[in-house]
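Reader: Please show me the model. I would like to ask a few things about it.

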Amino acid sequence: MPHPISSTWRRFARRHKLNSGLLFVLPALAAYLLYVAWPTVSIFEMSLYDWDGVSATQSFVGLQNYVELFTQDRAFRLSIRNNVLWAIFATTVPLVFGFLLAYTLNQRLRFRNLYRTALFLPVVVSSVVVGFTWAFIYNPQAGLLSTTLAALGLRALDRAWLGDPGIAIYSVIVVALWQSLGAWVVIYLAALQSVPDEIYDSAAIDGAGFWQKMIFIAFPLTRFTTAVLIILSLISAVKTFDLVYLLTRGGPYHASEVMALGVYQQAFKLNHHGYASALSVVLLLIGTAVTIVQLRLYAHAEESHE
Amino acid sequence: MEARAPLHTGRWQAARLLQSIAVNGVLSAVCLLVLMPILLMVSTSIKAPGETQANRGLIPRQIELGKFGEVWQMVNVPQLALNSIIITAATVILVLLLGSMAAYAFARMDFFARTPLYFAFLIGLMIPTAALIVPLHQLNVRFGLMNTHAGVIGPYVALGLPFCILLLRSYFRSLPRELEEAALIDGASRFTIYWSIFLPLSKPALTTVGIFEALASWNDFLLPLLFLTQNEMRTLPLGTILFTTSVVLTRYEHQFALLVMMTIPVIVVLLFLQRHFVSGLTAGAVKS
(Lines give C-alpha, C1' and ligand atoms only; values in the text may rest on other atoms or scores of the structure.)
Protein backbone atom coordinates (compact mmCIF):
# COMPACT_ATOMS: atom_id res chain seq x y z
CA MET A 1 0.00 0.00 0.00
CA PRO A 2 1.52 3.33 -1.10
CA HIS A 3 2.26 6.04 1.40
CA PRO A 4 -0.53 8.69 1.28
CA ILE A 5 1.87 11.61 0.80
CA SER A 6 3.73 9.96 -2.00
CA SER A 7 0.51 9.04 -3.79
CA THR A 8 -0.70 12.66 -3.50
CA TRP A 9 2.59 13.83 -4.89
CA ARG A 10 2.40 11.31 -7.69
CA ARG A 11 -1.06 12.49 -8.65
CA PHE A 12 0.11 16.11 -8.49
CA ALA A 13 3.17 15.31 -10.58
CA ARG A 14 1.14 13.46 -13.16
CA ARG A 15 -1.45 16.21 -13.43
CA HIS A 16 1.22 18.86 -13.91
CA LYS A 17 3.43 16.63 -16.06
CA LEU A 18 6.42 16.84 -13.73
CA ASN A 19 8.27 13.90 -15.25
CA SER A 20 11.70 12.94 -16.52
CA GLY A 21 11.24 15.18 -19.57
CA LEU A 22 12.12 18.07 -17.30
CA LEU A 23 15.33 16.32 -16.28
CA PHE A 24 16.35 16.08 -19.94
CA VAL A 25 15.84 19.81 -20.41
CA LEU A 26 17.32 20.84 -17.07
CA PRO A 27 21.07 21.01 -17.93
CA ALA A 28 20.45 23.07 -21.07
CA LEU A 29 17.98 25.23 -19.19
CA ALA A 30 20.47 25.89 -16.38
CA ALA A 31 23.14 27.09 -18.83
CA TYR A 32 20.56 29.12 -20.70
CA LEU A 33 19.19 30.77 -17.55
CA LEU A 34 22.65 31.69 -16.28
CA TYR A 35 24.18 32.99 -19.51
CA VAL A 36 21.20 34.22 -21.53
CA ALA A 37 18.06 34.72 -19.42
CA TRP A 38 19.66 36.35 -16.39
CA PRO A 39 21.84 38.72 -18.47
CA THR A 40 18.76 39.66 -20.49
CA VAL A 41 16.82 40.63 -17.37
CA SER A 42 19.91 42.30 -15.98
CA ILE A 43 20.39 44.77 -18.85
CA PHE A 44 16.88 46.10 -18.26
CA GLU A 45 17.71 46.77 -14.62
CA MET A 46 21.20 48.15 -15.24
CA SER A 47 19.91 50.51 -17.92
CA LEU A 48 18.24 52.52 -15.13
CA TYR A 49 21.52 53.24 -13.38
CA ASP A 50 24.59 55.35 -13.93
CA TRP A 51 27.57 53.10 -13.31
CA ASP A 52 31.21 53.00 -14.43
CA GLY A 53 31.46 49.21 -14.15
CA VAL A 54 34.00 49.26 -11.33
CA SER A 55 32.97 51.40 -8.35
CA ALA A 56 30.73 50.10 -5.57
CA THR A 57 28.09 52.78 -5.98
CA GLN A 58 25.50 52.83 -8.72
CA SER A 59 23.20 55.82 -8.84
CA PHE A 60 19.62 55.36 -9.97
CA VAL A 61 18.81 57.69 -12.86
CA GLY A 62 15.47 56.30 -14.05
CA LEU A 63 15.00 56.62 -17.80
CA GLN A 64 17.73 59.25 -18.12
CA ASN A 65 19.98 56.90 -20.16
CA TYR A 66 17.20 56.32 -22.69
CA VAL A 67 16.39 60.01 -22.94
CA GLU A 68 20.02 60.79 -23.62
CA LEU A 69 20.27 57.94 -26.13
CA PHE A 70 17.34 59.12 -28.21
CA THR A 71 17.82 62.88 -27.95
CA GLN A 72 21.52 63.65 -27.65
CA ASP A 73 23.53 60.73 -29.00
CA ARG A 74 24.73 61.40 -32.53
CA ALA A 75 26.65 58.11 -32.67
CA PHE A 76 23.44 56.21 -31.83
CA ARG A 77 21.48 57.96 -34.59
CA LEU A 78 24.21 57.16 -37.07
CA SER A 79 24.33 53.55 -35.90
CA ILE A 80 20.58 53.13 -36.45
CA ARG A 81 20.96 54.56 -39.95
CA ASN A 82 23.91 52.23 -40.63
CA ASN A 83 22.12 49.12 -39.33
CA VAL A 84 19.17 49.98 -41.60
CA LEU A 85 21.47 50.54 -44.60
CA TRP A 86 23.17 47.25 -43.77
CA ALA A 87 19.83 45.44 -43.65
CA ILE A 88 18.73 46.91 -47.00
CA PHE A 89 21.90 46.00 -48.89
CA ALA A 90 22.40 42.64 -47.19
CA THR A 91 18.94 41.49 -48.26
CA THR A 92 18.67 42.93 -51.78
CA VAL A 93 22.10 42.52 -53.37
CA PRO A 94 22.68 38.83 -52.50
CA LEU A 95 19.03 38.16 -53.38
CA VAL A 96 19.64 39.23 -56.99
CA PHE A 97 23.18 37.96 -57.50
CA GLY A 98 22.89 34.90 -55.27
CA PHE A 99 19.78 33.75 -57.08
CA LEU A 100 21.24 34.47 -60.50
CA LEU A 101 24.40 32.51 -59.71
CA ALA A 102 22.50 29.62 -58.16
CA TYR A 103 20.15 29.44 -61.13
CA THR A 104 23.11 29.40 -63.51
CA LEU A 105 24.83 26.71 -61.43
CA ASN A 106 21.69 24.59 -61.40
CA GLN A 107 22.34 23.36 -64.94
CA ARG A 108 24.43 20.40 -65.93
CA LEU A 109 27.87 21.93 -65.54
CA ARG A 110 31.08 19.95 -65.36
CA PHE A 111 32.72 22.18 -62.76
CA ARG A 112 29.63 22.94 -60.72
CA ASN A 113 31.04 21.71 -57.41
CA LEU A 114 34.24 23.64 -58.00
CA TYR A 115 32.34 26.87 -58.61
CA ARG A 116 30.16 26.25 -55.59
CA THR A 117 33.13 25.65 -53.30
CA ALA A 118 34.90 28.76 -54.59
CA LEU A 119 31.85 30.93 -53.99
CA PHE A 120 31.32 29.41 -50.55
CA LEU A 121 34.89 29.85 -49.32
CA PRO A 122 34.45 33.44 -47.99
CA VAL A 123 31.57 32.23 -45.79
CA VAL A 124 33.84 30.09 -43.61
CA VAL A 125 36.93 32.30 -43.48
CA SER A 126 37.30 34.08 -40.14
CA SER A 127 36.21 37.72 -39.97
CA VAL A 128 39.63 38.60 -38.59
CA VAL A 129 41.23 37.34 -41.80
CA VAL A 130 38.56 38.97 -43.96
CA GLY A 131 38.85 42.31 -42.19
CA PHE A 132 42.62 42.53 -42.39
CA THR A 133 42.74 41.47 -46.04
CA TRP A 134 40.08 43.97 -47.09
CA ALA A 135 41.73 46.79 -45.14
CA PHE A 136 44.83 45.95 -47.21
CA ILE A 137 42.80 46.09 -50.42
CA TYR A 138 41.14 49.38 -49.39
CA ASN A 139 44.46 51.01 -48.46
CA PRO A 140 44.34 54.53 -49.94
CA GLN A 141 46.55 54.97 -53.01
CA ALA A 142 48.60 51.80 -52.43
CA GLY A 143 45.83 49.19 -52.04
CA LEU A 144 44.76 46.84 -54.80
CA LEU A 145 41.48 48.72 -55.35
CA SER A 146 43.17 52.10 -55.82
CA THR A 147 45.98 50.73 -58.00
CA THR A 148 43.47 48.85 -60.15
CA LEU A 149 41.44 52.01 -60.66
CA ALA A 150 44.63 53.90 -61.54
CA ALA A 151 45.66 51.22 -64.02
CA LEU A 152 42.25 51.48 -65.68
CA GLY A 153 42.63 55.24 -65.95
CA LEU A 154 39.89 55.81 -63.38
CA ARG A 155 42.02 57.61 -60.82
CA ALA A 156 39.23 60.18 -60.49
CA LEU A 157 37.09 57.53 -58.77
CA ASP A 158 39.72 56.81 -56.12
CA ARG A 159 38.64 57.52 -52.53
CA ALA A 160 39.82 57.05 -48.98
CA TRP A 161 37.58 53.96 -48.89
CA LEU A 162 37.54 53.56 -45.13
CA GLY A 163 38.58 57.10 -44.17
CA ASP A 164 35.89 59.12 -45.94
CA PRO A 165 32.86 59.58 -43.60
CA GLY A 166 30.58 59.64 -46.64
CA ILE A 167 31.47 56.16 -47.89
CA ALA A 168 33.12 54.23 -45.02
CA ILE A 169 29.95 52.31 -44.13
CA TYR A 170 29.38 51.33 -47.78
CA SER A 171 32.93 50.02 -48.02
CA VAL A 172 32.30 47.84 -44.96
CA ILE A 173 28.94 46.64 -46.33
CA VAL A 174 30.63 45.56 -49.58
CA VAL A 175 32.87 43.27 -47.53
CA ALA A 176 29.82 41.87 -45.72
CA LEU A 177 28.13 41.20 -49.08
CA TRP A 178 31.26 39.43 -50.31
CA GLN A 179 31.25 37.33 -47.15
CA SER A 180 27.59 36.29 -47.36
CA LEU A 181 27.01 35.83 -51.11
CA GLY A 182 28.21 32.21 -51.08
CA ALA A 183 25.73 31.20 -48.39
CA TRP A 184 22.85 32.56 -50.49
CA VAL A 185 24.12 30.70 -53.57
CA VAL A 186 24.45 27.39 -51.74
CA ILE A 187 21.04 27.65 -50.09
CA TYR A 188 19.29 28.73 -53.30
CA LEU A 189 21.03 25.93 -55.18
CA ALA A 190 19.71 23.35 -52.72
CA ALA A 191 16.22 24.85 -53.07
CA LEU A 192 16.41 24.88 -56.88
CA GLN A 193 17.48 21.25 -56.94
CA SER A 194 14.19 20.30 -55.32
CA VAL A 195 12.26 21.82 -58.25
CA PRO A 196 11.40 18.91 -60.57
CA ASP A 197 12.83 19.03 -64.12
CA GLU A 198 9.42 18.33 -65.67
CA ILE A 199 8.22 21.82 -64.76
CA TYR A 200 11.06 23.40 -66.73
CA ASP A 201 10.59 20.93 -69.58
CA SER A 202 6.91 21.72 -70.00
CA ALA A 203 7.71 25.45 -69.87
CA ALA A 204 10.39 24.94 -72.53
CA ILE A 205 7.82 23.27 -74.79
CA ASP A 206 5.68 26.39 -74.37
CA GLY A 207 8.66 28.40 -75.59
CA ALA A 208 10.07 29.75 -72.32
CA GLY A 209 13.79 30.57 -72.42
CA PHE A 210 16.52 30.88 -69.77
CA TRP A 211 15.28 34.18 -68.31
CA GLN A 212 11.57 33.40 -68.47
CA LYS A 213 12.05 30.07 -66.72
CA MET A 214 14.08 31.84 -64.07
CA ILE A 215 11.66 34.67 -63.38
CA PHE A 216 8.35 32.87 -63.81
CA ILE A 217 9.16 29.37 -62.55
CA ALA A 218 12.32 29.10 -60.47
CA PHE A 219 11.93 32.30 -58.46
CA PRO A 220 8.26 31.83 -57.42
CA LEU A 221 8.86 28.16 -56.56
CA THR A 222 11.66 29.04 -54.15
CA ARG A 223 9.86 31.95 -52.49
CA PHE A 224 9.85 30.22 -49.08
CA THR A 225 13.64 30.03 -49.23
CA THR A 226 13.80 33.68 -50.22
CA ALA A 227 11.68 34.63 -47.22
CA VAL A 228 13.87 32.70 -44.80
CA LEU A 229 17.07 34.10 -46.32
CA ILE A 230 15.76 37.63 -45.98
CA ILE A 231 14.88 37.06 -42.32
CA LEU A 232 18.27 35.51 -41.56
CA SER A 233 19.98 38.47 -43.23
CA LEU A 234 17.89 40.94 -41.24
CA ILE A 235 18.90 39.19 -38.04
CA SER A 236 22.58 39.28 -38.91
CA ALA A 237 22.24 42.94 -39.92
CA VAL A 238 21.02 43.72 -36.41
CA LYS A 239 23.80 41.63 -34.84
CA THR A 240 26.65 42.90 -36.99
CA PHE A 241 29.85 43.76 -35.12
CA ASP A 242 32.98 42.00 -36.43
CA LEU A 243 33.66 43.74 -39.72
CA VAL A 244 32.97 47.24 -38.45
CA TYR A 245 35.23 46.69 -35.46
CA LEU A 246 38.01 45.31 -37.66
CA LEU A 247 37.79 47.76 -40.57
CA THR A 248 36.87 51.15 -39.11
CA ARG A 249 36.12 50.85 -35.36
CA GLY A 250 32.96 52.77 -36.25
CA GLY A 251 34.87 55.76 -37.55
CA PRO A 252 35.65 58.21 -38.93
CA TYR A 253 33.67 60.39 -36.50
CA HIS A 254 31.15 57.56 -35.87
CA ALA A 255 30.24 57.56 -39.58
CA SER A 256 30.27 53.74 -39.73
CA GLU A 257 29.00 53.08 -36.20
CA VAL A 258 26.60 50.14 -35.65
CA MET A 259 24.57 49.36 -32.52
CA ALA A 260 26.53 46.30 -31.36
CA LEU A 261 29.80 48.21 -31.61
CA GLY A 262 28.21 51.07 -29.66
CA VAL A 263 27.50 48.73 -26.74
CA TYR A 264 31.12 47.57 -26.73
CA GLN A 265 32.53 51.08 -26.88
CA GLN A 266 30.20 52.62 -24.30
CA ALA A 267 30.86 49.81 -21.81
CA PHE A 268 34.50 48.91 -22.31
CA LYS A 269 36.10 52.02 -23.81
CA LEU A 270 34.12 54.77 -22.02
CA ASN A 271 33.10 52.82 -18.88
CA HIS A 272 29.44 53.79 -19.26
CA HIS A 273 27.98 50.46 -18.20
CA GLY A 274 24.50 51.80 -17.43
CA TYR A 275 24.31 53.67 -20.72
CA ALA A 276 25.64 50.64 -22.60
CA SER A 277 22.87 48.58 -20.98
CA ALA A 278 20.21 50.98 -22.26
CA LEU A 279 21.70 50.60 -25.72
CA SER A 280 21.70 46.81 -25.24
CA VAL A 281 18.00 46.90 -24.39
CA VAL A 282 17.23 48.78 -27.62
CA LEU A 283 19.38 46.34 -29.60
CA LEU A 284 17.63 43.39 -27.96
CA LEU A 285 14.13 44.77 -28.56
CA ILE A 286 14.81 45.46 -32.23
CA GLY A 287 16.22 41.97 -32.50
CA THR A 288 13.24 40.36 -30.81
CA ALA A 289 10.85 42.21 -33.09
CA VAL A 290 12.55 40.58 -36.07
CA THR A 291 12.39 37.18 -34.33
CA ILE A 292 8.66 37.41 -33.83
CA VAL A 293 8.21 37.98 -37.54
CA GLN A 294 10.48 35.01 -38.15
CA LEU A 295 8.58 32.67 -35.83
CA ARG A 296 5.27 33.73 -37.39
CA LEU A 297 6.63 32.94 -40.84
CA TYR A 298 8.02 29.58 -39.74
CA ALA A 299 4.72 28.66 -38.11
CA HIS A 300 2.81 29.77 -41.19
CA ALA A 301 5.10 27.79 -43.49
CA GLU A 302 4.87 24.66 -41.32
CA GLU A 303 1.09 24.96 -41.25
CA SER A 304 0.80 25.13 -45.01
CA HIS A 305 3.34 22.33 -45.25
CA GLU A 306 1.48 19.86 -43.05
CA MET B 1 10.11 16.14 -84.77
CA GLU B 2 12.27 13.06 -84.48
CA ALA B 3 12.84 12.84 -88.19
CA ARG B 4 13.99 16.43 -88.43
CA ALA B 5 16.28 16.37 -85.44
CA PRO B 6 19.39 14.87 -87.12
CA LEU B 7 19.43 17.64 -89.73
CA HIS B 8 19.87 20.24 -87.03
CA THR B 9 22.15 18.28 -84.77
CA GLY B 10 25.35 19.89 -85.97
CA ARG B 11 24.15 23.46 -85.58
CA TRP B 12 22.39 22.63 -82.33
CA GLN B 13 25.58 21.18 -80.90
CA ALA B 14 27.60 24.21 -81.94
CA ALA B 15 25.11 26.55 -80.24
CA ARG B 16 25.16 24.33 -77.18
CA LEU B 17 28.97 24.45 -77.08
CA LEU B 18 29.03 28.24 -77.43
CA GLN B 19 26.50 28.59 -74.65
CA SER B 20 28.53 26.29 -72.42
CA ILE B 21 31.70 28.30 -73.07
CA ALA B 22 29.90 31.54 -72.28
CA VAL B 23 28.37 30.20 -69.05
CA ASN B 24 31.64 28.70 -67.85
CA GLY B 25 33.51 31.87 -68.77
CA VAL B 26 31.17 34.08 -66.78
CA LEU B 27 31.18 31.71 -63.79
CA SER B 28 34.98 31.44 -63.80
CA ALA B 29 35.30 35.22 -63.90
CA VAL B 30 32.86 35.63 -60.98
CA CYS B 31 34.62 32.95 -58.95
CA LEU B 32 38.03 34.51 -59.60
CA LEU B 33 36.71 37.89 -58.49
CA VAL B 34 35.25 36.35 -55.32
CA LEU B 35 38.45 34.43 -54.60
CA MET B 36 40.68 37.44 -55.33
CA PRO B 37 41.06 38.62 -51.69
CA ILE B 38 41.95 35.09 -50.61
CA LEU B 39 44.47 34.72 -53.45
CA LEU B 40 45.91 38.11 -52.51
CA MET B 41 46.30 36.94 -48.92
CA VAL B 42 48.15 33.78 -49.98
CA SER B 43 50.34 35.56 -52.52
CA THR B 44 51.33 38.31 -50.07
CA SER B 45 52.18 35.72 -47.44
CA ILE B 46 54.71 34.02 -49.71
CA LYS B 47 56.38 37.21 -50.98
CA ALA B 48 59.86 38.05 -49.75
CA PRO B 49 59.78 40.22 -46.60
CA GLY B 50 59.49 43.87 -47.61
CA GLU B 51 58.50 43.13 -51.20
CA THR B 52 54.92 44.29 -50.63
CA GLN B 53 56.09 47.90 -50.22
CA ALA B 54 56.90 47.96 -53.93
CA ASN B 55 54.58 45.21 -55.18
CA ARG B 56 51.03 45.00 -53.83
CA GLY B 57 49.85 42.99 -56.81
CA LEU B 58 48.74 39.38 -57.01
CA ILE B 59 51.96 37.92 -58.48
CA PRO B 60 54.93 37.53 -56.12
CA ARG B 61 58.35 38.33 -57.60
CA GLN B 62 60.17 36.18 -55.10
CA ILE B 63 58.86 33.33 -53.00
CA GLU B 64 60.04 33.05 -49.42
CA LEU B 65 58.49 30.63 -46.93
CA GLY B 66 60.85 30.93 -43.95
CA LYS B 67 58.62 33.54 -42.32
CA PHE B 68 55.95 30.96 -41.57
CA GLY B 69 58.33 29.42 -39.06
CA GLU B 70 59.32 32.82 -37.69
CA VAL B 71 55.70 33.84 -37.16
CA TRP B 72 54.92 30.45 -35.63
CA GLN B 73 57.38 31.25 -32.83
CA MET B 74 57.00 35.02 -32.67
CA VAL B 75 53.25 34.89 -32.02
CA ASN B 76 53.43 31.59 -30.13
CA VAL B 77 50.94 29.96 -32.49
CA PRO B 78 50.94 26.62 -30.58
CA GLN B 79 49.73 28.38 -27.41
CA LEU B 80 47.05 30.37 -29.27
CA ALA B 81 45.94 27.30 -31.19
CA LEU B 82 45.78 25.21 -28.01
CA ASN B 83 43.49 27.78 -26.35
CA SER B 84 41.30 27.91 -29.46
CA ILE B 85 41.15 24.11 -29.62
CA ILE B 86 40.25 23.73 -25.91
CA ILE B 87 37.51 26.35 -26.15
CA THR B 88 36.11 25.04 -29.45
CA ALA B 89 36.16 21.38 -28.38
CA ALA B 90 34.52 22.04 -25.00
CA THR B 91 31.87 24.24 -26.63
CA VAL B 92 31.01 21.67 -29.28
CA ILE B 93 30.83 18.74 -26.85
CA LEU B 94 28.69 20.61 -24.32
CA VAL B 95 26.35 22.10 -26.92
CA LEU B 96 25.79 18.69 -28.52
CA LEU B 97 25.27 16.94 -25.19
CA LEU B 98 22.98 19.46 -23.48
CA GLY B 99 21.26 20.42 -26.73
CA SER B 100 20.51 16.85 -27.86
CA MET B 101 19.09 15.90 -24.46
CA ALA B 102 16.76 18.89 -24.46
CA ALA B 103 15.89 18.34 -28.12
CA TYR B 104 14.95 14.70 -27.41
CA ALA B 105 12.57 15.77 -24.65
CA PHE B 106 11.06 18.52 -26.82
CA ALA B 107 10.61 16.06 -29.70
CA ARG B 108 9.30 13.00 -27.91
CA MET B 109 8.09 13.71 -24.37
CA ASP B 110 5.26 15.67 -22.85
CA PHE B 111 6.17 17.63 -19.76
CA PHE B 112 5.44 20.74 -17.74
CA ALA B 113 5.78 24.00 -19.73
CA ARG B 114 7.15 22.22 -22.79
CA THR B 115 5.96 24.73 -25.39
CA PRO B 116 6.89 27.91 -23.47
CA LEU B 117 10.34 26.49 -22.73
CA TYR B 118 10.87 25.59 -26.37
CA PHE B 119 9.92 29.10 -27.47
CA ALA B 120 12.17 30.59 -24.81
CA PHE B 121 15.07 28.70 -26.41
CA LEU B 122 14.03 29.79 -29.92
CA ILE B 123 14.11 33.45 -28.93
CA GLY B 124 17.78 32.93 -28.13
CA LEU B 125 18.42 32.53 -31.88
CA MET B 126 17.92 36.23 -32.19
CA ILE B 127 19.70 37.67 -29.18
CA PRO B 128 22.84 39.50 -30.34
CA THR B 129 25.84 38.52 -28.22
CA ALA B 130 26.80 42.18 -28.04
CA ALA B 131 23.57 42.98 -26.15
CA LEU B 132 24.66 40.68 -23.32
CA ILE B 133 28.34 41.54 -22.98
CA VAL B 134 27.86 43.99 -20.09
CA PRO B 135 26.20 41.49 -17.70
CA LEU B 136 28.35 38.59 -18.98
CA HIS B 137 31.43 40.61 -18.08
CA GLN B 138 30.02 41.20 -14.59
CA LEU B 139 29.20 37.53 -14.22
CA ASN B 140 32.75 36.53 -15.08
CA VAL B 141 34.23 39.11 -12.73
CA ARG B 142 31.96 38.03 -9.87
CA PHE B 143 32.65 34.31 -10.32
CA GLY B 144 36.38 34.78 -10.90
CA LEU B 145 36.11 33.49 -14.47
CA MET B 146 38.07 36.29 -16.15
CA ASN B 147 41.04 34.84 -18.04
CA THR B 148 39.71 31.30 -17.82
CA HIS B 149 38.55 29.10 -20.69
CA ALA B 150 35.26 28.58 -18.82
CA GLY B 151 34.56 32.31 -19.00
CA VAL B 152 34.02 32.11 -22.78
CA ILE B 153 32.89 28.47 -23.05
CA GLY B 154 29.83 29.10 -20.84
CA PRO B 155 28.36 31.91 -22.96
CA TYR B 156 29.25 30.07 -26.20
CA VAL B 157 27.38 26.97 -25.04
CA ALA B 158 24.31 28.89 -23.88
CA LEU B 159 24.17 30.97 -27.07
CA GLY B 160 24.75 27.87 -29.23
CA LEU B 161 21.95 25.82 -27.66
CA PRO B 162 19.00 27.42 -29.53
CA PHE B 163 20.28 26.45 -33.01
CA CYS B 164 21.23 22.97 -31.77
CA ILE B 165 17.82 22.37 -30.17
CA LEU B 166 15.93 23.74 -33.20
CA LEU B 167 17.79 21.50 -35.64
CA LEU B 168 17.95 18.31 -33.56
CA ARG B 169 14.32 18.52 -32.44
CA SER B 170 13.13 18.50 -36.03
CA TYR B 171 15.58 15.70 -36.86
CA PHE B 172 14.39 13.56 -33.92
CA ARG B 173 10.78 14.18 -34.90
CA SER B 174 11.51 12.78 -38.35
CA LEU B 175 12.63 9.42 -36.88
CA PRO B 176 9.94 6.68 -36.82
CA ARG B 177 7.96 6.27 -33.60
CA GLU B 178 8.21 2.44 -33.72
CA LEU B 179 11.88 2.78 -32.73
CA GLU B 180 11.16 3.76 -29.18
CA GLU B 181 7.78 2.06 -28.77
CA ALA B 182 9.40 -1.35 -29.07
CA ALA B 183 12.15 -0.32 -26.66
CA LEU B 184 9.65 1.10 -24.14
CA ILE B 185 7.68 -2.17 -24.17
CA ASP B 186 10.95 -3.99 -23.48
CA GLY B 187 11.34 -1.78 -20.40
CA ALA B 188 14.11 0.49 -21.63
CA SER B 189 14.39 3.81 -19.83
CA ARG B 190 13.96 7.13 -21.60
CA PHE B 191 17.65 7.84 -21.17
CA THR B 192 18.64 4.51 -22.72
CA ILE B 193 16.40 5.24 -25.71
CA TYR B 194 17.93 8.69 -26.14
CA TRP B 195 21.52 7.53 -25.63
CA SER B 196 21.61 4.24 -27.49
CA ILE B 197 18.93 4.67 -30.15
CA PHE B 198 18.45 8.34 -30.99
CA LEU B 199 22.01 9.63 -30.70
CA PRO B 200 23.62 6.93 -32.90
CA LEU B 201 20.91 7.46 -35.53
CA SER B 202 21.46 11.22 -35.57
CA LYS B 203 25.11 11.36 -36.55
CA PRO B 204 24.52 13.49 -39.68
CA ALA B 205 22.53 16.10 -37.76
CA LEU B 206 25.00 16.07 -34.87
CA THR B 207 27.89 16.56 -37.31
CA THR B 208 26.13 19.50 -38.92
CA VAL B 209 25.47 21.23 -35.60
CA GLY B 210 29.00 20.38 -34.43
CA ILE B 211 30.62 21.98 -37.47
CA PHE B 212 28.55 25.10 -37.05
CA GLU B 213 29.34 25.53 -33.40
CA ALA B 214 33.01 24.74 -34.02
CA LEU B 215 33.27 27.35 -36.75
CA ALA B 216 31.44 29.98 -34.70
CA SER B 217 33.62 29.58 -31.62
CA TRP B 218 36.84 29.10 -33.64
CA ASN B 219 36.29 32.37 -35.50
CA ASP B 220 34.75 34.53 -32.75
CA PHE B 221 36.83 37.26 -31.19
CA LEU B 222 34.34 39.43 -29.27
CA LEU B 223 34.24 37.37 -26.07
CA PRO B 224 38.00 36.60 -26.03
CA LEU B 225 38.61 40.33 -26.55
CA LEU B 226 36.65 41.09 -23.38
CA PHE B 227 37.34 38.10 -21.15
CA LEU B 228 40.80 36.80 -22.13
CA THR B 229 43.22 39.65 -21.53
CA GLN B 230 46.32 37.70 -20.50
CA ASN B 231 48.79 36.65 -23.17
CA GLU B 232 48.76 32.95 -22.37
CA MET B 233 44.95 32.74 -22.52
CA ARG B 234 44.46 34.34 -25.95
CA THR B 235 42.85 32.54 -28.87
CA LEU B 236 44.02 32.51 -32.48
CA PRO B 237 41.71 35.28 -33.78
CA LEU B 238 42.51 37.51 -30.82
CA GLY B 239 46.24 36.87 -31.09
CA THR B 240 45.96 37.63 -34.80
CA ILE B 241 44.22 40.96 -34.19
CA LEU B 242 46.90 42.00 -31.72
CA PHE B 243 49.69 40.88 -34.05
CA THR B 244 48.26 42.60 -37.12
CA THR B 245 47.68 45.87 -35.25
CA SER B 246 50.98 45.91 -33.37
CA VAL B 247 53.49 48.59 -34.27
CA VAL B 248 56.51 46.42 -33.51
CA LEU B 249 56.27 44.57 -36.76
CA THR B 250 54.56 46.11 -39.73
CA ARG B 251 55.72 43.68 -42.38
CA TYR B 252 52.66 42.66 -44.36
CA GLU B 253 54.22 39.35 -45.41
CA HIS B 254 54.49 38.15 -41.82
CA GLN B 255 50.98 39.28 -40.95
CA PHE B 256 49.47 37.52 -43.95
CA ALA B 257 51.49 34.39 -43.14
CA LEU B 258 49.67 34.24 -39.79
CA LEU B 259 46.30 34.78 -41.50
CA VAL B 260 47.05 31.92 -43.90
CA MET B 261 47.96 29.60 -41.03
CA MET B 262 44.73 30.52 -39.29
CA THR B 263 42.65 29.83 -42.39
CA ILE B 264 44.14 26.44 -43.36
CA PRO B 265 42.22 24.35 -40.77
CA VAL B 266 38.95 25.99 -41.76
CA ILE B 267 39.52 25.28 -45.45
CA VAL B 268 40.43 21.67 -44.71
CA VAL B 269 37.20 21.27 -42.76
CA LEU B 270 35.26 22.90 -45.61
CA LEU B 271 36.74 20.62 -48.27
CA PHE B 272 36.14 17.41 -46.32
CA LEU B 273 32.81 18.19 -44.71
CA GLN B 274 31.16 20.45 -47.28
CA ARG B 275 28.08 18.24 -47.48
CA HIS B 276 27.36 18.86 -43.79
CA PHE B 277 27.84 22.60 -44.15
CA VAL B 278 25.29 22.66 -46.90
CA SER B 279 22.77 20.55 -45.02
CA GLY B 280 23.18 22.79 -41.97
CA LEU B 281 22.69 25.95 -43.96
CA THR B 282 19.70 24.59 -45.78
CA ALA B 283 18.11 22.90 -42.76
CA GLY B 284 15.64 25.67 -42.09
CA ALA B 285 15.72 27.49 -45.36
CA VAL B 286 14.67 24.82 -47.85
CA LYS B 287 11.33 23.11 -47.72
CA SER B 288 11.84 19.41 -48.28
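Some questions about chain contacts and helix packing follow.

Author: This is a predicted model, where local features need pLDDT of at least 70, side-chain atom pairs count only at pLDDT 80 or more, and totals for chains, interfaces and linings use all residues. Residues are numbered from 1 along each chain as its sequence is written, chains are lettered from A and ligands numbered from 1 in the order in which they are written, and side-chain values use heavy atoms, with hydrogens and water left out.

Reader: How many residues of chain A are in contact with chain B?

Author: Contact means heavy atoms within 4.5 Å. Chain B brings 91 residues to the contact, and chain A brings 87.

Reader: What share of the area buried between chain B and chain A comes from carbon and sulfur atoms?

Author: Buried area is the accessible area (1.4 Å probe) that two parts lose on being put together, summed over both. Here that area is about 8200 Å². Carbon and sulfur atoms give 79%.

Reader: How many salt bridges does the rule find across the interface of chain B and chain A?

Author: A salt bridge needs a side-chain nitrogen of Lys or Arg within 4 Å of a carboxyl oxygen of Asp or Glu. Across this interface of chain B and chain A, the rule's count is zero.

Reader: Is the crossing of α6(A) and α8(A) left-handed or right-handed?

Author: Helices are DSSP runs (H or I, at least four residues), numbered from the N terminus. A crossing is left-handed if the near helix is turned anticlockwise from the far one by less than a right angle, and right-handed if clockwise. For α6(A) passing α8(A), the crossing is right-handed.

Key:
Helices (H or I, at least four residues) and strands (E, at least two) are DSSP runs, numbered from the N terminus.
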